[in-house]
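Take a look at the model below. This report covers one helix pair and then the ligand site.

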Amino acid sequence: MNGGSSALRALPSVDYLMNLERTQPMAVSYGRDSVIDEVKKQLNNLRTEILAGPVLDANRDQLADRVMSQTQTELLRLFSPSLQPVINLTGVILHTNLGRAPYPQEAIDAMVRVAGSATNLEYQLATGKRGRRDDHVEHWICRLTGAEAATTVNNNAAAVLLVLNTLAKKKEVIVSRGELIEIGGSFRMPAIMKKASCKLREVGTTNRTHLKDYRQAITKKTAALMKVHTSNYEIKGFNQSVTAQDLAVLCKEFDLPLIDDLGSGSLIDLAPYGLGTERTAREAINEGVDIITFSGDKLLGGPQCGIIAGKKSLIEQIDKNPMKRAMRLDKITLAALEAVLKLYTQPEQLAEKLPALRVLSRLPESIRESAQQLQKLLQTKLPSEVTTSIETCQSQIGSGALPTRTIKSFAVKVTPTQSYSAEYLAGAFRKLGVPVIGRIKNDCLWFDCRSLESGEAIKASMQQLPALL
Ligand SMILES: *Cc1c(COP(=O)(O)O)cnc(C)c1O
């Protein structure tokens, strides 16, 4: 008889393991069924290991100990939050995969205030009658954009879909070929049109579209003209596009609505913050656009949502579309959005209070100081053979806002060695309690310090680094 089969016979049963004293606190913390599932999994693993591996001579208590230790470790991992904070040192500030804009404290407080209780979400406290959830934010959106009315949905993709489906169902929408965008995550304008049950009528060429191209395409089937912000690219050179003002005049002549998907949609002029010129929502409305749509979590720096603003009669139609019900915002997002919009009424404090803008407008000198602090910290935590240096780099705004614009920043560059490759090092930083996400460029690991406003979180997290290398 070999040790393998005796170990197999010594394997404890699920019942035996579930009745052990040390199992009881696990059952209380995680629920009995979860513990049973994990015990079964670990018993199976151990059985496979015994059958495949070298002779294992162990008695029942030793085997039980192994199974229960592994069960404990796995349950702890399984029940720790899946969605967790990370430190974004990628250099892409509004990183879609990393959750875009961090919220200002005012928004966090507002969310917490309404999360745990009943609210007046759709209830008018003055009259006791039913209210409209968008009333909590509509007047702020109107004040900040100059629009007559506004409504909100889950994100800007939903906003575009809802607007098109409401205003152009089974009809044609005229768009310039130079604006048929694809942005990440399978948002393609032609596909969105199809899903909204409208027909895309492309006009012009990739680089040039003229007013007469739009005019010639208008027929009885036309429901709207649309402009789309070319968020993630720019056409340079021999190019021509038609301004919203000119399109607005044309639309008036034919009594058609002009829709403008602004993408990021800034509420303020970003030039004073060194961020180039992005057309603001107010400018679009002033130019005669009937309906604008934009994201809440791009340059606006707030929660994920889509904002639709413009003519009151059109907003009323949009609100009545049954699709709106499937896209509406919850109380938490509305609370956050209300708080963020309010910050915009005091633009002079915005760069201090709104994290997205604060980080994007940070002065290079202050970023260099953060980089120097991070470098010092890394030198005490990384193996001595791994070298670091301070380098200039370019941050990107991200999320398709101002695509060709980069802003000067400073990074800590970690140069790998034979035994510590850039991928290996990046993996160790991702395993930290608060994972630190960098970027690999030219085989080195770069940490752009623009988003690193305070060293405290990273300092605490970095204590574990040596153990992970
Ligand atoms: C980002 C973007 C969208 C999609 O917005 P989400 O809020 O990410 O859904 C739509 N249109 C344009 C032009 C964009 O830039």
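## Two helices that pack

This is a predicted model. Helix H6 spans residues 105-115, and helix H15 spans residues 331-343. The two pack at an angle of about 145°. Their axes are 8 Å apart. The crossing of H6 and H15 is right-handed.

Which residues make the contact? From H6 come Glu 106, Ala 107, Ala 110, Met 111, Val 114 and Ala 115. From H15 come Lys 331, Ile 332, Ala 335, Ala 336, Ala 339, Val 340 and Leu 343. Sorted by class, this contact has 11 nonpolar residues and 2 charged ones. It has no polar residues.

## Around the ligand

The ligand has 13 residues around it. Those that come nearest are Ala 157, Ser 231, Asp 261, Ser 295 and Lys 298. By class, the shell holds 4 nonpolar, 6 polar and 3 charged residues.

Which elements supply at least two residues of the shell each? They include helix H8 (156-168) and strand E8 (258-263).

## Polar contacts and cover

Oxygen atoms of the ligand take part in several polar contacts. One contact is with Arg 100: an N or O atom in its side chain is 3.0 Å from a ligand oxygen. Asn 156 uses its backbone instead, with a polar atom 3.0 Å from a ligand oxygen. Ala 157 also uses a backbone N or O atom, at 2.9 Å from an oxygen of the ligand.

How much of the ligand does the protein cover? On its own, the ligand has 380 Å² of accessible area. The protein covers 94% of that area.

Conventions. Residues numbered from 1 in each chain as written. Predicted model: local features only at pLDDT ≥ 70, side-chain atom pairs only at ≥ 80, totals over all residues. Heavy atoms only, no water. Axes fitted to C-alpha atoms, helices over the stretch in contact; angles between N-to-C directions. Helix = DSSP H or I, 4+ residues; strand = E, 2+ residues; numbered from the N terminus. Left-handed = near helix turned anticlockwise from the far one by under 90°. Contact = heavy atoms within 4.5 Å. Nonpolar A, V, L, I, M, F, W, Y, C, P; charged D, E, K, R; others polar. Near = heavy atom within 4 Å. Polar contact = N/O pair within 3.5 Å; in protein donor to acceptor, adjacent residues only side chain to side chain. Areas by Shrake-Rupley, 256 points an atom, 1.4 Å probe, with all protein chains shown as cover.
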